[in-house]
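Visitor: I'm new to this one and would like a slow walk through it. Could you show me the sequence and the model?

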Amino acid sequence: MTDNPKNNPTGNAEKDPEDWVTGDEPMTGAQASYLKTLCEQHGEEFQDGLTKAEASERIEALKG
């Protein structure tokens, strides 16, 4: 018997950005805004033109 995703919604929601179907699309406006804020807080250069997957990985790196 498999786990019901309704009972464990986060278990099946965590996926490596490299495995995202839309990971190669341009980052979203929300990602860009959050990434820019994180870059400013850490004295890092903001990189425009990232994909969704690249932006997600960069956000996680700056948060960690």
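Visitor: Let me start with one residue: is T51 buried or exposed?

Guide: T51 counts as buried, because its relative accessibility is 19%, and buried means under 20% relative accessible area, with exposed over 50% and partly exposed in between, using a 1.4 Å probe and protein chains only. Please keep in mind that this is a predicted model, in which local features need pLDDT of at least 70 and side-chain atom pairs count only at pLDDT 80 or more, while totals for chains, interfaces and linings use all residues. Residues are numbered from 1 along each chain as its sequence is written, and side-chain values use heavy atoms, with hydrogens and water left out.

Visitor: Okay, and where does T51 sit, and what does T51 touch?

Guide: T51 is placed in the loop between α1 and α2. Leaving aside residues up to four places away in sequence, T51 touches G23, D24, E25, P26 and M27, where contact means heavy atoms within 4.5 Å.

Visitor: Which other residue in that loop can we look at?

Guide: Q47 also lies in the loop between α1 and α2, and Q47 is partly exposed, with a relative accessible area of 42%. Not counting residues up to four places away in sequence, Q47 touches M27 and R58, and its C-alpha atom is 9.0 Å in space from that of A32, although Q47 and A32 are 15 residues apart in sequence.

Visitor: Stepping back, how many helices and strands are there?

Guide: The protein chain has two helices and zero strands; both kinds of element are DSSP runs numbered from the N terminus, with helices being H or I over at least four residues and strands being E over at least two.

Visitor: How do α1 and α2 pack?

Guide: Helix α1, residues 29–42, and helix α2, residues 52–63, pack at an angle of about 35 degrees, and their axes are 10 Å apart. Those axes are lines fitted to C-alpha atoms, for helices over the stretch in contact, and the angles run from 0 to 180 degrees between N-to-C directions.

Visitor: Which residues meet there?

Guide: From α1 come Q31, Y34, L35, L38, C39 and H42, and they meet K52, A55, S56, R58, I59, L62 and K63 in α2. The residues of this contact divide into seven nonpolar, three polar and three charged; here Ala, Val, Leu, Ile, Met, Phe, Trp, Tyr, Cys and Pro count as nonpolar, Asp, Glu, Lys and Arg as charged, and the others, Gly among them, as polar.

Visitor: What about S56, is that one buried or exposed?

Guide: S56, which lies in helix α2, is buried, with a relative accessible area of 14%. Apart from residues up to four places away in sequence, S56 touches P17, W20 and Q31, and S56 is 9.7 Å from D16, C-alpha to C-alpha, with their positions 40 residues apart in sequence.

Visitor: And T37, where is that, and is T37 buried or partly exposed?

Guide: T37 has its place in helix α1 and counts as partly exposed, at 34% relative accessibility. The C-alpha atoms of T37 and I59 are separated by 10.0 Å, and these residues are 22 apart along the chain.

Visitor: Last one: what share of the whole chain is buried?

Guide: Buried residues make up 25% of the 64 residues in the protein chain.
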